[in-house]
Amino acid sequence: MSRARRRQHVPWNAAGRASETQGDGESVVRDTGWVFNNETGQQLTLAEFVNSGEQEVGAYLQYFGFLPEDNVQRSLVEIGAGIGRMTAGFTQRFKSVVACDLDAAFLERCREIVGKFGVPERLSTSHVADGKTLALPDASADMVFSYITLQHCESADALALTEEALRVVKPGGYVLLNYRTWVATDALLFPAGVITRSLWRVPTIGAWLARQRWSTRLGWQANRLAPKVVLEHLEKKNIDLLNPTLWFSHRRRIGGVEGIPQCTFIGVHGSHWWLIARRAA
Ligand SMILES: C[S@@+](CC[C@H](N)C(=O)[O-])C[C@H]1O[C@@H](n2cnc3c(N)ncnc32)[C@H](O)[C@@H]1O
């Protein structure tokens, strides 16, 4: 594994280690909840944290056009499940859910949280040990979902995970993948992020820095990927999509790709976009 890639894993593994030492889900959410949902304050309860995921699961599935009566018959893979903020809601709606994450300790907590708020018999977990390969069989899922995760990988890993999503989804199945692209503030933020990620590797202070909210927020978005870059990558790899659609914020039109329909939804962050597509046979 390259040095650069490991550097990007530092804050997740630091939060994972912290979550191992805490007694219960409530204290994990109080101390590290913000790494999963930046809105999370220290006073937030576990129930409120899971409810934030539940609201987002409901909204995205509805806006992207995935009906409850179809979802109950579908298997879902979630890339970057964290401690299960959204996973609990997915297990309420899907026949089965595989929660995948870079950090194995998060997956332990995910099982605990789904046990309390979801349907645990529908859940299995899968560790993404190298940050770019899913340990799942080809064509094994009806849907692959990923939210606020691909932006945290090195570009090459985000593109590799995009390929992986399309490998594990069945022909005719769906991918719902969330990315971050460039915004004006990135002129400052992006270089600051590069410096911060380097500092995480400095002995002693690096480990402390990687646990600070301000430093993690500066350094955790490791890439910016425009729709054109992702779609051209898939084309180069001869991966064909059926009915691809790009979803953007209603406030901001990010450069789309000619010939691909574009939709907007109030719930999409201004710097984010989604690729919703089916895998061709
Ligand atoms: C901001 S959190 C979002 C978690 C969850 N999607 C949610 O909304 O609550 C990003 C998650 O992605 C995971 N992650 C980061 N890089 C990853 C990678 N290369 N492969 C798999 N998971 C990754 C982190 O460990 C973390 O749990």
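These are short questions and replies about labels used for a predicted model.

Me: What makes Glu 108 and Arg 111 a salt bridge?
Reply: The closest N and O atoms are 2.5 Å apart. The cut-off is 4 Å between a side-chain nitrogen of Lys or Arg and a carboxyl oxygen of Asp or Glu. Therefore the pair of Glu 108 and Arg 111 counts as a salt bridge.

Me: Where do Glu 108 and Arg 111 sit relative to each other?
Reply: Both are in helix H6, residues 104-117. They are three residues apart, so about one helical turn separates them.

Me: Why is Glu 108 called partly exposed?
Reply: Its relative accessibility is 49%. Exposed means over 50%, and buried means under 20%. Glu 108 falls in between, so the label is partly exposed.

Me: Which label does Arg 111 get, and on what value?
Reply: Arg 111 has a relative accessible area of 36%. That also lies between the two cut-offs, so Arg 111 is partly exposed.

Me: How do you know that Arg 167 and Glu 164 form a salt bridge?
Reply: Their closest N and O atoms are 2.8 Å apart. The limit is 4 Å, so the pair of Arg 167 and Glu 164 qualifies. Both residues lie in helix H7, residues 155-168. They are three residues apart there, about one turn of the helix.

Me: Are Arg 167 and Glu 164 buried or partly exposed, and why?
Reply: Arg 167 has 23% relative accessibility, so it counts as partly exposed. Glu 164 has a relative accessible area of 11%. Buried means under 20%, so Glu 164 is buried.

Me: Which residues are linked with Arg 167 in a network of salt bridges?
Reply: The network links Asp 138, Glu 164 and Arg 167. The count for the model comes to ten salt bridges.

Me: What makes Arg 224 and Asp 186 a salt bridge?
Reply: Their side chains meet at 2.9 Å, N to O. The cut-off is 4 Å, so the pair of Arg 224 and Asp 186 is a salt bridge. This pair links distant parts of the chain, 38 residues apart. Arg 224 is in the loop between helix H10 (213-219) and helix H11 (227-236). Asp 186 is in helix H8, residues 186-199. Both Arg 224 and Asp 186 are buried.

Me: Why is Arg 180 called buried?
Reply: Its relative accessibility is 5%. The cut-off is under 20%, so Arg 180 is buried. Arg 180 is found in strand E5, residues 169-180.

Me: What makes Arg 180 and Asp 186 a polar contact?
Reply: Their side chains are joined at 3.1 Å. The limit for a pair of N or O atoms is 3.5 Å, so the distance between Arg 180 and Asp 186 fits. Beyond four places in sequence, Arg 180 is in contact with residues including Asp 186, Arg 224, Gln 151 and Trp 273.

Me: Which residues come nearest to the ligand?
Reply: There are 19 residues around the ligand. Gly 80, Arg 85, Asp 101, Gly 131 and Tyr 147 come nearest. The shell divides into twelve nonpolar, five polar and two charged residues.

Me: How do you know that Asp 101, Tyr 147 and Thr 149 make polar contacts with the ligand?
Reply: An N or O atom in the side chain of Asp 101 is 2.6 Å from a ligand oxygen. A backbone N or O atom of Tyr 147 lies 3.1 Å from a ligand nitrogen. A polar side-chain atom of Thr 149 lies 3.3 Å from a ligand oxygen. The protein covers 99% of the 600 Å² of accessible area that the ligand has on its own. The contact limit is 3.5 Å, so Asp 101, Tyr 147 and Thr 149 qualify.

Me: What is the phi of Ile 148, and where is Ile 148 placed?
Reply: Ile 148 has a positive phi of about 40 degrees, although it is not a glycine. Its place is in the loop between strand E4 (141-146) and H7. At 23% relative accessibility, Ile 148 counts as partly exposed.

Me: Why is Asn 238 called exposed?
Reply: Its relative accessibility is 66%. Exposed means over 50%, so Asn 238 gets that label. Asn 238 also has a positive phi, about 60 degrees, although it is not a glycine. Its place is in the loop between H11 and strand E6 (241-249).

Key: Residues numbered from 1 in each chain as written. Predicted model: local features only at pLDDT ≥ 70, side-chain atom pairs only at ≥ 80, totals over all residues. Heavy atoms only, no water. Helix = DSSP H or I, 4+ residues; strand = E, 2+ residues; numbered from the N terminus. Buried < 20%, exposed > 50% of the residue type's maximum accessible area, 1.4 Å probe, protein only. Near = heavy atom within 4 Å. Polar contact = N/O pair within 3.5 Å; in protein donor to acceptor, adjacent residues only side chain to side chain. Areas by Shrake-Rupley, 256 points an atom, 1.4 Å probe, with all protein chains shown as cover. Nonpolar A, V, L, I, M, F, W, Y, C, P; charged D, E, K, R; others polar. Contact = heavy atoms within 4.5 Å.
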